[in-house]
Amino acid sequence: MLPALDDEIVRHRIAKRIALDLEDQAVVNLGIGIPTLVSDYLPSDRHIVLQTENGVIGAGPIPEKPDLRFIGAGGRPLSLVPGSSIVASDFSFGLIRGGHLDATVLGTLEVDEEGSLANWWIPGKLVPGMGGAMDLVTGAKNVYVATTHLDKKGRPKLVKKCTLPLTGVGVVTTIVTEFCVVRRQEGKMTLCEIAPEVSVEELLANTGMTLAVSRELRTMLGI
């Protein structure tokens, strides 16, 4: 059994680890939920441009006094960094669909060992659609999944094969949970980092997908 961690620790641990992974000068889109927290942990020695689907290029973290004229696609207040732009949504999606994003960070309901992602529909619940997620996973050079390792019923979210409607097929490059970092390497999902609270055996026993274990496995950065 995996240890129970405080929800805030989980969310911020995942966000911080992904922030450390983003490269200098990267243009990045952050999805709703845990991904929005990534902006609070961007390394000060890197210049990372955050883009939002609703038309901000150069978004910053929530200011001390939020101005609700400036929000991200998920409704979370944001700030405008020096040099930022506000553009029309068609321009914003042209940037996404044109392959100009270095990375996107998204939450998920399921992610499988082929790198497929299901993150937009829960059976029995009405939803308006997948939004821009379909565009993001096909347009971004790197797709990060930010997710808890288990769902609320204790079932693995890293599965052998997705059972929910897919957002994208074979698109995921990196998965970050509160307990590990998994990267798609040579066509295989590979365990590259692990949290100090768990052993490899415990992690694999609570993971639905088959994971290769890196010879260079190390403790998760940022903990």
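The lining of the second largest pocket makes a good way into this predicted model: its residues divide into 10 nonpolar, six polar and one charged. The space inside that second largest pocket comes to about 250 Å³. There are 17 lining residues, and those closest to the centre of the pocket are H47, I48, V49, A59 and V81. If you would like to highlight whole elements on your screen, pick strand 2 (49-52), strand 3 (56-60) and strand 4 (79-86), since these are the elements that give two or more residues to the lining.

Let's follow those three strands. Strand 2 and strand 3 run antiparallel and are joined by two bridges. For a concrete pair, look at Q51, which stands opposite I57 in strand 3. The two strands form a hairpin with three residues between them, and in its turn G55 has a positive phi of about 115°. On its other pairing, strand 3 meets strand 4 in the antiparallel sense over four bridges. Here V56 stands opposite I86 in strand 4. Strand 3 is also mostly covered, with five of its five residues buried.

The positive phi at G55 belongs to a glycine in a turn, but the backbone has further positive values worth a look. As a rule, most residues other than glycine have a negative phi. Against that background, Q25 catches the eye with a positive phi near 75°. You will find Q25 in the loop between helix 1 (7-21) and strand 1 (27-30). E186 is another such case: its phi is positive, at about 50°, although it is not a glycine.

E186 leads us on to another set of strands, as it lies in the loop between strand 11 (180-185) and strand 12 (188-194). Is E186 buried or exposed? Its relative accessibility is 83%, so E186 counts as exposed, the cut-off being over 50%. The strands on either side of E186 form a hairpin with two residues between them. Strand 11 and strand 12 run antiparallel, with six bridges joining them. One place to check the register is R184, which stands opposite M189 in strand 12.

Strand 11 has a further partner in strand 10 (residues 174-176), and this pairing is antiparallel too, over three bridges. Within it, T174 has R183 of strand 11 as its bridge partner. Strand 10 and strand 11 form a hairpin as well, with three residues between the strands.

Finally, a word on the cysteines. A disulfide is a covalent bond between the sulfur atoms of two cysteines. How many disulfides does the structure hold? The count is zero, and the distances for two of the cysteines help to show why. For C162, the closest cysteine sulfur is in C180, and at 16 Å it is too far for a bond. For C180, the closest cysteine sulfur is in C192, at 9.6 Å, which is also too far for a bond. The sulfur atoms of a disulfide would have to lie within 2.5 Å. C162 counts as buried because its relative accessibility is 14%, which is under the 20% cut-off. C180 counts as buried too, at 0% relative accessibility.

Technical notes. Residues numbered from 1 in each chain as written. Predicted model: local features only at pLDDT ≥ 70, side-chain atom pairs only at ≥ 80, totals over all residues. Heavy atoms only, no water. 1 Å grid on protein atoms, 1.4 Å probe; cavity = no way out; pocket = protein on both sides within 12 Å on 5 of 7 lines; lining within 4 Å. Points joined across faces, edges and corners; volume = space filled by probe spheres on them. Nonpolar A, V, L, I, M, F, W, Y, C, P; charged D, E, K, R; others polar. Buried < 20%, exposed > 50% of the residue type's maximum accessible area, 1.4 Å probe, protein only. Pairing = 2+ DSSP bridges.
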